Amino acid sequence: MDFNANKAIYLQIVEHICEQIILGTWGADEKVPSVRDMAIQLEVNPNTVMRTYDLLQQKEILYNKRGIGFFVSVDALPQIKAYRKAIFVQEDLPQFFKNIYLLDFTLEDLTARYQVFVEANYKK
């Protein structure tokens, strides 16, 4: 995983895990890699992964079975979408709207480009 220097690593790992859950890599009640295994896989400190898992547990995306590990919550998908939408609206959307305005994009331009993006990246 390539990390962005402008954002905390644990938050980037949160995004990565959430994306994997959305894409179906890990389903409801499925065990996620241990803190140690995830740290080795991502080449980060285990404390960073633990901070990530703690945040995901607070957001009710993961839950901990003591002595067994962390698992994906049954309600993970709606929790992830709510969490990520809030971040998107607060952080990304204002800059996006600014660029749309400054570059004179129309709603039709955006709709067409969005459809091309979805077809190229997510339709099988």
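This passage describes a helix, a strand hairpin and a loop residue in a predicted model.

Helix α2 spans residues 35-42, and within this helix V35, M38, A39 and L42 are buried. Viewed down the axis of α2, the buried residues fall within an arc of 100 degrees, so they line one face of the helix. R36 and I40, on the other side of α2, are exposed. The cover over the buried residues of α2 includes α1 (9-22), α3 and β2 (69-72). After α2 comes E43, which has a positive phi, near 60 degrees.

Strands β1 and β2 pair in the antiparallel sense, with 4 bridges. Across this pairing, L62 stands opposite V72 in β2. The hairpin of β1 and β2 has 3 residues between the strands, and G67 in this hairpin takes a positive phi near 85 degrees. Strand β2 therefore has two roles in this description: β2 is among the elements that cover the buried residues of α2, as given with the arc of 100 degrees on one face of that helix, and β2 pairs with β1.

The loop between α3 (46-58) and β1 (62-65) contains K59. This residue is partly exposed, because its relative accessible area of 35% lies between the limits of 20% for buried and 50% for exposed. Leaving aside residues up to four places away in sequence, K59 touches Q79 and Y83. K59 and A82 are separated by 23 residues in sequence, and their C-alpha atoms are 9.8 Å apart in space.

How values were computed: Residues are numbered from 1 along each chain as its sequence is written. This is a predicted model: local features need pLDDT of at least 70, side-chain atom pairs count only at pLDDT 80 or more; totals for chains, interfaces and linings use all residues. Side-chain values use heavy atoms; hydrogens and water are left out. Buried means under 20% relative accessible area, exposed over 50%, partly exposed in between (1.4 Å probe, protein chains only). Contact means heavy atoms within 4.5 Å. The arc is that of the directions from the helix axis to the C-beta atoms. Two strands pair if DSSP finds at least two bridges between them.
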